[in-house]
Amino acid sequence: MRSTKTFWIFGLVGLLGLVRWVHGDGNPLMVPLTIIQSAPSKGAVCLDGSAPAYHFSPGYGSGINNWIIDLEGGGWCNNKRTCDFRKTTRHGSSKYMERQIPFNGILSNKPEENPDFYNWNRARIRYCDGASFASEGYDQASGLYFRGQRIWSAAMEEMMSKGMRSANQVLLSGCSAGGLATILHCDQFRSLFAGNTKVKCLADAGLFLDATDVSGGQTIRSFFQGVVDMLGVAKNLPGTCTSRMDATSCFFPENLVGNIQTPIFLLNAAYDVWQIQESLAPGKADPSGAWKYCRLNYTTCTPGQIQFLQGFRNKMVNVVQGVSGSKNGVFLNSCFAHCQSGLQETWFSNNSPTLGNKAIAKSVGDWYFDRAEVKAIDCPYPCDNTCHHIVI
């Protein structure tokens, strides 16, 4: 039997940059940055007013008319201070974006790394609005542009002009804040295409739960409320949700996924390390420091802390079980991880995580191409010995 794998990441910044840290075979395809020159004239700009951007690798052979659009993740900003800082980074300005990035995992161009999608047209849309491509507004006092929805529209227009309008098969994907963006925009994506185009969505690590933290507070709800209010997100949230709930509740995927009409695949670690660190056990919710070590390294958790985390997993299981219908897919593994589709080691490799003896790439492919129904929900920790755990 395989032993559990562990990534040692030093600091939260390392966690958020993990997709770039792991490079598959060590020689990934490097894809240049393209600025959407027409976007500013439509008001589609990053937080600092710079033009949005993307990376694109064209398809070939049997994949020439198929497309993957991947929405970049990278947290959010929720007030003037955090948005001011963000506009000086690659997540708030195209001025600071890398001029080229590696395409790994679901974006890899190698059949041995990405068997079902390697020769598709593959694009990563860079994330620079701070609200999962859903913001709308302008803060004159600080000069902050909240134009995520316009960036989404401009990016889709750009992809359509490059040939996506005649696609046979398309997949919208995203990880973390990009996974939430995928959930928010999945049906909008479907509406871009004619009825004979196969359209599906993959949300990786996007199931941010409206969970109670270790102090009994609502850290993540308070944070998301700031995102929704500061960045003008409410007007771009699905009416099927806002007609019955407040806008902040409608930024939580658990209140959205059940109403998505387009087939969607939910890929998540049941013990999402970002949520453990930033939602469940952030420092301000743990003044005594009881969770100081457990929140960063699952092996240091007490039995009581593991029990608390099992409760979080149970809620996530309930959410994914509520996504009914054979058209949807689920891969929920009991790992301490965050984002698994963009990492070669977790997406498809000799020792990648599996459920039912299927790697993530095989599970997603089986679901997308209707080869099999995929509703894979892992048993509770510590039963899965194929995990790639993240320890900080």
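These legends walk you through several views of one predicted model. Residue numbers start from 1 along each chain as its sequence is written, and side-chain values rest on heavy atoms, leaving out hydrogens and water. In this predicted model, local features need pLDDT of at least 70 and side-chain atom pairs count only at pLDDT 80 or more, while totals for chains, interfaces and linings use all residues.

**View 1. The whole chain, with its 11 helices and 16 strands.** Helices (H or I, at least four residues) and strands (E, at least two) are DSSP runs, numbered from the N terminus. The radius of gyration of the chain is 20 Å, close to the 21 Å that the globule rule gives for 392 residues, so the chain is as compact as a globular protein of that length. That radius is taken over C-alpha atoms, and the globule rule is 2.2 Å times the number of residues to the power 0.38. Along its principal axes, the C-alpha trace spans about 55 × 50 × 40 Å. Of the 392 residues, 60% count as buried (buried is under 20% relative accessible area, exposed over 50%, partly exposed in between, with a 1.4 Å probe and protein chains only).

**View 2. The second largest pocket, with about 180 Å³ of space.** Among its 14 lining residues, L184, D187, P238, T240 and I260 are the closest to its centre. Helices α5 (177–190) and α7 (239–242) each supply at least two lining residues, and α5 gives the largest share, 5 residues. By class, this lining has 8 nonpolar, 5 polar and 1 charged residues. Here Ala, Val, Leu, Ile, Met, Phe, Trp, Tyr, Cys and Pro count as nonpolar, Asp, Glu, Lys and Arg as charged, and the others, Gly among them, as polar. On a 1 Å grid over the protein atoms alone, a pocket is an open set of points with protein on both sides within 12 Å along at least five of seven lines, a cavity is a set where a 1.4 Å probe fits but cannot get out, and lining residues have an atom within 4 Å of a point. Points are joined across faces, edges and corners, and a volume is the space filled by probe spheres set on them.

**View 3. The second largest cavity, holding about 40 Å³ of space.** A search of the whole structure finds 3 cavities of 30 Å³ or more. Lining the second largest one are V273, I276, C294, R295, L296, N297, Y298, F336 and I390. The classes in this lining are 7 nonpolar, 1 polar and 1 charged.

**View 4. Aromatic neighbours F117 and W120, both buried.** The ring centres of F117 and W120 are 4.9 Å apart and their planes stand at 90°, so the pair is edge-to-face. Rings of Phe, Tyr and Trp (its six-membered ring) pair if their centres lie within 6.5 Å; planes under 30 degrees apart are stacked, over 60 edge-to-face, and the rest tilted. This rule gives 29 aromatic pairs. Elsewhere, W76, F208, F223, F224, F251, F252 and W274 form one aromatic cluster.

**View 5. K200 and the rings of W367 and Y368.** K200 lies over the face of W367, 4.7 Å from the ring centre. Its charged end also sits over the ring of Y368, 5.5 Å from the centre. The rule asks for NZ of Lys or CZ of Arg within 6 Å of the ring centre and within 35 degrees of the ring normal.
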